[in-house]
Amino acid sequence: MIEVNNLTKEFGKLKVLRGITETIRENEVVCVIGPSGSGKSTFLRCINLLETPTSGEIYIDGEQINKKDVDINKIRKKLGMVFQNFNLFPHMTTLENITISPIRANKIPKAEAEKSGAELLQMVGLQDKAGVFPGSLSGGQKQRAAIARALAMKPEIMLFDEPTSALDPEMVGEVLQVMKDLAHRGMTMVIVTHEMGFAREVADRVLFMDEGMIVEQGTPEEIFGNPQNERTKNFLSKVL
Amino acid sequence: MGIYLKGLQIAYSGIAVTLQITISAVLIGVALGLIVALGKMSSLKPVRIVFSVYVELLRGTPLVVQALIIYLGFPALLQSYGISFRWDDAVLASILVCGINSSAYVAEIIRSGLQAVDKGQMEAARSLGMNHIQAMRFIIVPQAFRIILPALGNEFISLLKETAVLSIIAVVEVTRKSMLWASQSFEFWPAYLGTAFVYLSITIPLSRLVAYMERRMAQSDRSK
């Protein structure tokens with residue numbers, strides 16, 4: 001469970017997040033939508049402290065993570081992160097990408113890590129790409145590999161930062177399918193996305209962000225079917 | 001014709017010393033350079049300043065002057081304080097001078113290599129629960145090493161040529177061998193032609209190798 005209380009983030013004079021308070025429950029799939037520059041990605045990146053919040057508190061399973069003396073590496077193992085640009089390690093094979101962190105950060109024996117790595121590759125449909133370097137994978141395959149890599153740490157929560165934005169249109173579907181499977185298995189997921197159809201289908205709840213605040217939130221039916229806020233209406237009229 | 005071969009042979013007889021100094025100096029340069037590079041990237045400002053000054057001093061003065069300071073100046077300084085010291089072995093002093101000199105250049109190479117690795121790589125590694133040291137060791141440094149390998153090759157080539165100035169502190173390497181023979185035989189043209197040829201016989205294959213590594217890297221960049 002993630003609890004965020006009055007979270008703000010400033011880059012110099014720029015106020016990117018202006019007080020976010022939100023709770024994401026276990027097994028919940030939450031999609032964050034909103035215009036570019038609304039702070040969606042920053043909000044997501046604050047949750048695993050890739051950005052340091054300016055003020056406010058973030059709790060993961062009741063433990064505050066943005067204070068001194070917190071072992072951030074331990075917290076991050078509970079949080080899987082998937083990036084827009086994949087950020088696969090280009091000098092390692094697909095399987096090594098998946099096993100490096102379990103082996104090095106979690107001290108899991110290599111054979112064991114490789115066995116669960118192979119299972120994860122199977123799950124994302126890349127079993128025949130284990131020995132291949134990321135350079136020769138397609139965009140969709142890269143992102144599926146990146147999802148498998150994040151899952152290898154057995155996270156409780158998965159964070160997705162615009163996972164399909166860098167993909168060619170024909171590859172979006174395969175990545176969304178993997179994410180859907182994950183959602184059906186009960187994974188807690190926070191997804192920053194521009195895929196409104198996906199959000200509508202998969203999300204338990206949709207957050208609409210604008211200018212560093214959560215302007216409106218509700219079920220997909222509420223947000224897409226009957227938005228209340230003017231800014232939500234305005235945004236949806238442009239993207240739907 | 002025979003005199004040219006003689007010139008070549010004389011110059012070639014200094015190659016072991018030239019290579020010994022260059023290889024040892026580059027190894028020292030890489031080890032010291034890594035420390036200097038990390039020092040220059042430190043989060044502590046005084047540390048950054050100290051290492052920046054180190055790099056500036058070494059890059060801002062000629063190697064030959066540095067050699068004179070260490071080989072002749074330094075023992076004289078110690079003697080003026082009553083400490084008796086002189087270099088028994090000019091080769092040892094040369095390795096030290098070239099190694100320290102090289103560390104300044106290598107530090108810049110390493111620093112730019114580390115900074116050339118995409119920021120997302122560190123973020124991905126940290127988001128997977130690796131600590132900073134693990135992320136550097138398994139993710140950043142291996143990629144930086146590939147990036148800097150051609151530049152390190154070039155540093156080796158330029159240091160190899162620079163070692164010619166060590167003849168001024170009486171190190172009997174390639175150039176000094178030729179100078180000694182030329183001054184005694186007056187065969188200046190065959191002597192120094194031979195010198196040039198010996199350097200070229202190392203630098204040309206090496207620079208081909210560097211070019212090959214650069215091509216390989218450009219290819220792997222394209223397929224990223």
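Here is a short selection-by-selection tour of a predicted model, starting with the interface of chain A and chain B and ending inside chain A.

**Stop 1: the interface**

Colour chains A and B separately and select the residues of each that are in contact with the other chain. You should get 27 residues of chain A and 20 residues of chain B. The area buried between the two chains comes to about 1,900 Å², with carbon and sulfur atoms giving 58% of that. Now pick A:Phe89, A:His91 and A:Arg104 and show them as sticks: this trio supplies 27% of the area that chain A buries against chain B, more than any other three residues.

**Stop 2: a charged pair across the interface**

How many salt bridges does the rule find across the interface of chain A and chain B? Just one salt bridge turns up there. To see it, select A:Arg45 and B:Glu123, whose side chains meet at 2.5 Å, N to O. For polar contacts, the rule finds seven residue pairs across the interface, both residues of a pair being at pLDDT 80 or more.

Next, switch to cartoon and highlight four elements of chain A: α2 (72-76), β6 (79-82), α3 (94-105) and α5 (139-151). Each supplies at least two residues of the side of chain A that touches chain B. The largest share, four residues, comes from α3(A). Try colouring this side of chain A by residue class as well, and you'll find 13 nonpolar, seven polar and seven charged residues.

**Stop 3: chain B on its own**

Hide chain A for a moment. Which kinds of element make up chain B, and how many of each are there? Chain B has nine helices and zero strands, so walking from the N terminus you meet α-α-α-α-α-α-α-α-α. Along its principal axes, the C-alpha trace of chain B spans about 70 × 55 × 25 Å.

With chain B still up, put a surface on B:Ile3, B:Tyr4, B:Trp189 and B:Leu193. Together they make a nonpolar surface patch of about 390 Å². Two helices of chain B, α1 (2-12) and α9 (188-222), each supply at least two residues of that patch. B:Tyr4, for one, is found in α1.

**Stop 4: a salt bridge within one helix**

Bring chain A back and zoom in on helix α4 (residues 110-123), where A:Lys110 and A:Glu114 both lie. These two form a salt bridge, with the closest N and O atoms 3.7 Å apart. In sequence they are four residues apart, about one turn of the helix. If you'd like to keep hunting, a search of the whole structure finds 15 salt bridges over all chains.

Notes: Residues are numbered from 1 along each chain as its sequence is written. Chains are lettered from A and ligands numbered from 1 in the order in which they are written. Side-chain values use heavy atoms; hydrogens and water are left out. Contact means heavy atoms within 4.5 Å. Buried area is the accessible area (1.4 Å probe) that two parts lose on being put together, summed over both. A salt bridge is a side-chain nitrogen of Lys or Arg within 4 Å of a carboxyl oxygen of Asp or Glu. A polar contact is a pair of N or O atoms within 3.5 Å; within protein, one must be able to donate a hydrogen and the other to accept it, and residues adjacent in sequence count only if both atoms are side-chain atoms. Ala, Val, Leu, Ile, Met, Phe, Trp, Tyr, Cys and Pro count as nonpolar, Asp, Glu, Lys and Arg as charged, and the others, Gly among them, as polar. Patches are made of residues with over 30% relative accessible area and no salt bridge: like charges are joined within 9 Å, nonpolar side chains (Val, Leu, Ile, Met, Phe, Trp, Tyr) within 5 Å. Accessible areas come from the Shrake-Rupley method with a 1.4 Å probe; for residues, only the protein chains shown count as cover.
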